[in-house]
Every structure is written in structure tokens, then in C-alpha cells.
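Work through the exercises below with the sequence and the structure open beside you, and attempt each task before reading its solution.

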Amino acid sequence: MDEAKKQQWIKTVQDFTAMTGIYLPDDVEAQLHHLAEVEKIENAKTMYNCMLEDISLAKKLHRPLCQDTGVLQYFVEVGTKFPYLDEIEDVIVTAARKATLETPLRPNVVEPLAEHNTGDNTGYGAPYIEYELVPGGTDLRLRMYMAGGGCSLPGRSKVLMPLEGVEGIKKFVYQTILDWGANACPPLCLGIGLGTCAATSAMLSKKALLRPIGTHSKYEKVAKLEDEIRDGLNSLGIAPLGFGGSNTVLSVNIEAAAHHPATLGVGITTGCWATRRGEMIIHEDLSFEILSHKKSLEV
Amino acid sequence: MKKVLTTPISYDQIKDLKIGDTVYLTGYLSTCRDSGHRRVVQEGILPTKVDLKEGAIFHAGPIVGKDENGKQYMVSVGPTTSRRMESAEADFIEKTGVRLVIGKGGMMEKTTEACKKFGAIHCAFPGGCAVVAAQEVEELVDVEWMDFGMPEALWIMKVKEFGPLIVSIDTQGNNLFENNKKIFKERFDNLIK
């Protein structure tokens with residue numbers, strides 16, 4: 001493709017990456033404001049105020065709102081008729097590197113089982129890129145997530161016996177958040193995946209985390225479970241930040257897949273109060289729309 | 001009125017603090033996390049550019065930027081999970097004589113005992129509030145152990161009314177987060193009954 005056009009596209013993805021580190025997506029920010037308003041405990045209010053101040057300072061100073069800008073993860077859903085399939089990988093990796101050095105984001109990535117920091121958030125498997133094809137489509141839907149250390153620690157996946165059922169799922173989730181939630185910067189965005197094996201359940205839980213707050217599973221029973229787990233976790237009162245308050249989560253999303261009748265796989269992925277995810281659509285002429293941060297871009 | 005601790009922190013400044021109290025710090029504060037703890041505790045090497053005796057450390061890995069004159073400054077510096085340093089912190093406190101350990105979330109039994117024995121406290125800074133913290137850094141004074149990379153190096157800062165810091169372990173052996181854990185566990189037991 002034309003080099004100038006490619007550089008422009010890299011700049012688009014670089015700016016999108018920087019934006020995701022500096023501004024919260026509209027849904028997360030709105031829900032955080034809501035929890036701050038309904039909080040009754042005085043110390044907890046102080047914590048929420050500090051978070052809201054941080055959000056507004058980050059916007060004002062154009063700096064990453066949390067120093068842990070994570071490992072950069074990109075989720076590509078691309079139409080098979082999108083004209084630049086060959087260039088996607090190079091554009092994303094280059095954009096991730098440039099965003100890291102120029103925003104700046106924190107260079108987190110270290111070589112496997114070594115302390116050597118690569119210095120620019122790239123390396124084998126980093127940034128993480130996942131692809132899905134959309135038959136006949138001409139657009140590229142790009143989502144990204146910054147996987148911080150603290151909020152990645154509670155993540156786990158387990159295959160239950162089907163007879164353990166909904167109660168087994170709940171117990172596994174509650175136990176995980178009881179053990180690890182306080183250190184993951186709650187109120188949390190929780191993604192749960194229900195599938196056949198540990199790996200697919202984990203992947204579905206990530207997909208669930210990427211779904212905006214307030215969206216529900218298309219399966220009625222699963223949607224009901226989302227609300228039940230949200231209420232159950234909130235009754236533990238772990239947020240804000242483990243100091244204790246009136247809630248624990250910003251959201252609970254579940255992605256469930258048709259599965260083997262002999263297994264009940266459950267995956268858990270958590271995002272912190274500063275869940276940084278972005279979503280944009282890139283058209284075949286490389287014009288784009290940001291979907292996740294409409295409100296922050298107005299400012 | 002704000003309760004402000006000032007480095008060097010005498011035992012008198014912290015002895016009456018109780019878990020849940022809110023304090024602020026003025027003076028020198030150095031970041032130190034996993035690799036720094038390993039160096040002090042396992043390799044027996046102390047930092048040379050700052051004296052941690054009666055000093056303060058911050059479990060944090062910052063983003064450091066350069067301004068137009070090429071001078072480094074704190075862009076974003078929130079706390080990291082203190083629990084990761086639990087296995088080393090008691091020895092660290094003994095070896096360095098540090099009085100104030102700041103981080104995210106709580107620490108556990110060994111650290112609680114060390115705080116009581118050596119006269120130190122652990123405080124939690126609100127996790128994720130990294131720009132708030134960076135704005136309370138007056139000056140980035142120096143850095144050592146850059147061989148660890150930016151997040152793990154020991155960054156020496158001069159801070160002014162750095163906080164809010166919530167006392168999570170006091171000098172009397174009380175532990176806020178361990179107490180909270182018991183409360184959350186009771187609620188959990190009721191929930192799954």
C-alpha cells in the first residue's frame with residue numbers, strides 16, 4: 001500500500017492506543033460516577049473522590065490515568081473484503097511501539113522467564129493480537145484492552161462438574177473475588193466465560209470483559225445469572241479498593257457458549273476501576289469512528 | 001487538619017497512629033518493588049543514593065517522561081500490590097530501618113510483626129490514582145538500579161503532602177485489610193449458605 005497512507009493509519013491506531021490509556025471509556029466512567037454517588041460510607045467516598053480527581057487530572061494533563069498501562073492487547077474483527085489484510089499486524093505492532101514511547105506508556109513487557117525489559121512493549125506475542133474474520137465485510141472493528149498486573153492477578157479458569165450447576169459457578173466466582181478482588185483495584189469489571197474446557201472458558205471471559213457495561217447475554221438464563229452474580233458480589237462490599245463500601249463491581253458480563261454436556265467450564269477475567277478498553281471502526285478507505293469514548297472526545 | 005509525616009520519620013511521629021487514620025508524607029520517598037526487595041534482602045545490597053533509615057518507600061513502578069529540556073519527571077506513579085513483597089518486607093524493614101511502607105492493598109502477618117518490632121507502619125495509597133500521586137511529587141531527585149528497567153528501578157522523589165495514605169498496619173500489630181478480610185469472609189459464608 002501507499003507508504004504515506006500506511007503512516008497515517010499507524011498514527012490513527014497510535015492515537016487510539018494513547019487515548020485508551022488516558023481516558024476511561026464512557027460506560028466505565030459513567031458507572032464509576034454512579035457508584036460514587038450511591039456510596040454511603042465516608043472513607044469509601046474519599047476513595048471514590050480520589051479516583052474521580054485522577055480521571056479529570058489525566059484528561060487535563062493528557063497523561064495515562066494509571067501508571068500501569070498494562071500489556072497491550074488488540075482484538076481485530078476484520079471483513080474479508082477489507083483491502084489491507086496484509087498490513088494489519090505491522091500497523092498494530094508499530095502503533096503500539098510508538099504509543100509506548102511517545103505518550104508515554106509504561107514499558108512493561110519483559111522476555112519470558114527473564115527480567116530483561118524490551119523497552120517498548122513489544123516482543124514475541126506482545127502486543128497480543130487476536131483475529132476474527134467477518135465474511136464479506138469491508139470494515140475493521142478494532143478493540144483494545146490494557147491488561148494491568150494487579151487486575152490480571154485474579155484471573156483463572158476451572159472446569160466444574162455439570163451437577164455443580166449455577167451454584168457451583170457462583171461459588172467459584174465469589175471465592176475468587178473474595179481471595180483476590182481487594183488487590184485488583186475494585187470496583188471491578190468482571191468478565192465470566194462459560195464453555196467446555198479451561199481454555200475456551202478463559203477466552204470467553206475476556207470477550208465478556210470487552211462488552212460494554214449494561215449489555216446482557218442474549219440467553220435469558222445467562223442474563224439473569226449476570227444480575228444475580230452482580231448482586232451477590234456487591235453484598236460482599238469489597239470496593240472501593242478493599243477498604244470496604246457498598247459495592248464490589250462495576251459490572252458482571254457473561255459470555256456463554258454451547259458446550260459439552262459432561263463439563264461446565266468457567267473462566268474469570270477481571271478489570272479494575274480503571275478498566276481501559278477502546279473500540280473503533282476503521283473503514284476500507286481508512287476513515288474511522290471511535291465508539292467507546294464519544295463523551296471524552298467531545299471535551 | 002491534615003496529619004503530615006516528615007522524613008526522617010521518628011518513632012514518635014508514627015507511634016500513636018491507628019489503622020484507618022489518614023496521613024500525608026512530606027520529604028523523600030523512593031519507589032521499591034519486587035526486584036529492589038530481592039536486591040536488598042537476598043543480595044544484601046542497600047541503595048547508595050538514598051538513606052532509607054527512618055525513610056519511606058513506595059511499592060510502585062512509575063512512568064517517567066522527559067520534559068523539553070531533557071529533564072526527567074514523574075508522569076504517572078500509582079501504587080502496586082504490596083502483597084507481592086510480603087515474603088521480603090520484614091527483612092527489608094530490619095535491614096534498612098525504613099519507617100513507612102506505602103503500597104496498594106494490605107500486607108500480612110510477617111510484615112505486621114516486623115512493623116511492631118522495628119517501629120514501622122504500612123499505608124495504602126488509593127490504587128490507580130497515579131496522576132494524583134505524580135502531582136504530589138515536587139522533584140524527581142535521582143534514580144538507581146536502572147538495570148531493572150523503568151518499572152523496577154529505585155526512583156528517589158521529593159514529595160509534598162503525598163497522600164491520602166490510609167494506615168493499614170500500625171505499630172501496635174493491628175492490620176486493617178486482615179480485619180476487612182474477616183468481615184468479607186463472614187458475608188461470603190452467608191452468601192453461599
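**Exercise 1.** Find which residue stands opposite Ile282(A) in β9(A), and set out how the strand pairing continues across the sheet.

*Solution.* Begin with the pair itself: the residue of β9(A) that stands opposite Ile282(A) is Phe288(A). Strands here, like helices, are DSSP runs numbered from the N terminus (E, at least two residues, for strands; H or I, at least four, for helices). Next, take the two strands as wholes: β8(A), residues 277-282, runs antiparallel to β9(A), and 3 bridges join them, where two strands count as paired if DSSP finds at least two bridges between them. Then extend the view to the open sheet of 5 strands in chain A, whose order is β2-β1-β3-β8-β9 and whose pairing is mixed. Its edges are β2(A) (128-134) and β9(A) (288-290), each of which pairs on one side only, and the twist from one strand to the next averages 15°.

This is a predicted model, in which local features need pLDDT of at least 70 and side-chain atom pairs count only at pLDDT 80 or more, while totals for chains, interfaces and linings use all residues. Residues are numbered from 1 along each chain as its sequence is written, and chains are lettered from A and ligands numbered from 1 in the order in which they are written.

**Exercise 2.** Determine which strands helix α1(A) touches and which strands helix α4(A) touches.

*Solution.* Helix α1(A), residues 3-22, packs on the sheet against β1 (71-79), β3 (140-147), β8 and β9 of chain A, and its direction makes about 155° with that of β8(A). Helix α4(A), residues 88-102, touches β1 and β2 of chain A, with its direction at about 155° to that of β1(A). These angles run from 0 to 180 degrees between N-to-C directions, the axes being lines fitted to C-alpha atoms, for helices over the stretch in contact.

**Exercise 3.** Describe the side of chain A that touches chain B, and state which element gives the most residues to it.

*Solution.* Count the contacts first (C-beta atoms, placed from the backbone, within 7 Å): 41 residues of chain A are in contact with 37 residues of chain B. The elements of chain A that give two or more residues to this side are α3 (42-61), α5 (149-152), α6 (165-180) and α8 (220-236), and α3(A) gives the most, with 9 residues. Finally, weigh the confidence: the predictor gives the complex an ipTM of 0.93 and a pTM of 0.94.

How values were computed. Two residues are in contact if their C-beta atoms, placed from the backbone, lie within 7 Å.
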